[in-house]
Structure formats: structure tokens, C-alpha cells
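Please look through the model shown here. The questions and answers after it deal with its aromatic rings and their surroundings.

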Amino acid sequence: MILRRKKDTTMPDEQFMRRAIALSQTAISTASGPPFGAVIVRDGEVIAEGFNHVHADNDPTAHAEIVAIREACRVSASPFLDGCTIYSSSEPCPMCMSAIYWSRLSAVYFATDREDAARAGFDDRVLYAELQRPLEQRNIPTIRMLSAEGQATFDLWQVEAHSAVQTRLGEATPTETAMVGEAWE
């Protein structure tokens, strides 16, 4: 039996990226936040989009990618966006990349990179460096405490047979295994 990828009928990637860039300009014109936009696509259709709302919402987490991920999860009625692609006007910051991984987006496209963003005044180098440092060497004190009490919650979670699916980055769940079969004929 020969497996062949189903025909891709999606709109060209450039149109989705152009929409993300247009949304980044909307962030400027509405004064909602810095110039970042994002679009999430499933099966060639835009299911969510967002632009930066950090200033409008007084929320440092309201980056374009986070806004779009929240909306995509809402309309999908799922915290997981397997099979979806995000188009971002700029390379996602560490926070946004974490959300991309946690939401299980399948691909990331971006227009400008972190160096372009740094030249425009959005320099995330300190964040990338901080995340590589041991806890005791970070600029913001990061101190572990009450670990046994904290562990009790994880133990309870496991005793009740809960499954932390979102933490299994890189592993296929039974649902994902079934979805892989659908993508091939």
C-alpha cells in the first residue's frame, strides 16, 4: 500500500501573512499596543486572528499570538490546536512560543525575526538569556519552596487518573494517532 498526502487546497501562505501584517498595523492605528499581528489557520480557513492589546487591556500577556490562540481555542472548544498553523507578523517571543507549544499548533510562519524586532525597540534578548540561566542566577529571584506540599497536588492528580496531555510535547495521543490516519489515504 502506498500512502500519499492528500491534496493541499489551502490559500497561499502569503495571503495569511499579509493579513497578520495588516493586523500589526491595526495595533498601531488603534493604539492598542505594539505593532504585532497573528492569524491562525485550519484547513485553509482563518479560524482566529489577533493583534497586540497590551496597552488597551493593561495586560502584558495580550500579545497578538496569545490573543489569536485564545480565540482559536474558544471557537474550537479545545485547548489544543493540532493541525492549525499560526502566521505572525514577527518571530514570536518566548512567552508566545511557549503558548504555541502548549496549544500544539503544527507550524509557525513569521515575517520579521527577533533581530528586526530588536532594532524596532522590541528586544527580547534578556528573556532568552534569562531562561537559560540556573534559577539562582536569574535577575528576578526565583525560589523553590514548599515542594512537598506542592507535590501532594500532583500526587492527587495522578491518583485520580488524570492525564496531563498538554505536557506530552512531542508524543502522539490516541486522538492524534487517529488524526494522522485521516491525513493520509
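Q: Is Phe 16 buried or exposed in this predicted model?
A: The model is a predicted one. The relative accessible area of Phe 16 is 1%. Buried means under 20%, so Phe 16 is buried.

Q: How many aromatic pairs does the structure hold?
A: Rings pair if their centres lie within 6.5 Å. Phe 16 and Tyr 87 form one such pair, with centres 5.2 Å apart. The number of aromatic pairs in the structure is three.

Q: Is the pair of Phe 16 and Tyr 87 stacked, edge-to-face or tilted?
A: Planes under 30 degrees apart count as stacked and those over 60 as edge-to-face, with the rest as tilted. The planes of Phe 16 and Tyr 87 stand at 40°, so the pair is tilted.

Q: How many residues apart in sequence are the parts that Phe 16 and Tyr 87 tie together?
A: Phe 16 belongs to helix α1, residues 13-29. Tyr 87 belongs to strand β3, residues 84-90, so the pair ties together parts whose separation in sequence is 71 residues.

Q: Which residue forms one aromatic cluster with Phe 16 and Tyr 87?
A: Tyr 87 is buried, with a relative accessible area of 3%. Along with Phe 16, Tyr 87 is part of one aromatic cluster, and the other member is Tyr 109.

Q: Is the pair of Phe 36 and Phe 122 stacked, tilted or edge-to-face?
A: The ring centres of Phe 36 and Phe 122 are 5.0 Å apart. Their planes lie at 75°. Planes over 60 degrees apart count as edge-to-face, so this pair is edge-to-face.

Q: Where in the chain is Phe 122?
A: The pair of Phe 36 and Phe 122 links distant parts of the chain, 86 residues apart. Phe 36 is in the loop between α1 and β1. Phe 122 is in the loop between α5 (114-119) and α6 (125-132).

Q: Is Phe 122 buried, partly exposed or exposed?
A: Its partner Phe 36 counts as buried, at 15% relative accessibility. For Phe 122 the relative accessible area is 27%. That value falls between the limits of 20% and 50%, so Phe 122 is partly exposed.

Q: Which residue lies over the face of Tyr 128?
A: Two arginines lie over ring faces here, and Arg 104 is over Phe 80, at 5.5 Å from the ring centre. Over the face of Tyr 128, at 4.0 Å from the ring centre, lies Arg 114.

Note on methods
Residues are numbered from 1 along each chain as its sequence is written. This is a predicted model: local features need pLDDT of at least 70, side-chain atom pairs count only at pLDDT 80 or more; totals for chains, interfaces and linings use all residues. Side-chain values use heavy atoms; hydrogens and water are left out. Rings of Phe, Tyr and Trp (its six-membered ring) pair if their centres lie within 6.5 Å; planes under 30 degrees apart count as stacked, over 60 as edge-to-face and the rest as tilted. Helices (H or I, at least four residues) and strands (E, at least two) are DSSP runs, numbered from the N terminus. Buried means under 20% relative accessible area, exposed over 50%, partly exposed in between (1.4 Å probe, protein chains only). A charge sits over a ring if NZ of Lys or CZ of Arg is within 6 Å of the ring centre and within 35 degrees of the ring normal.
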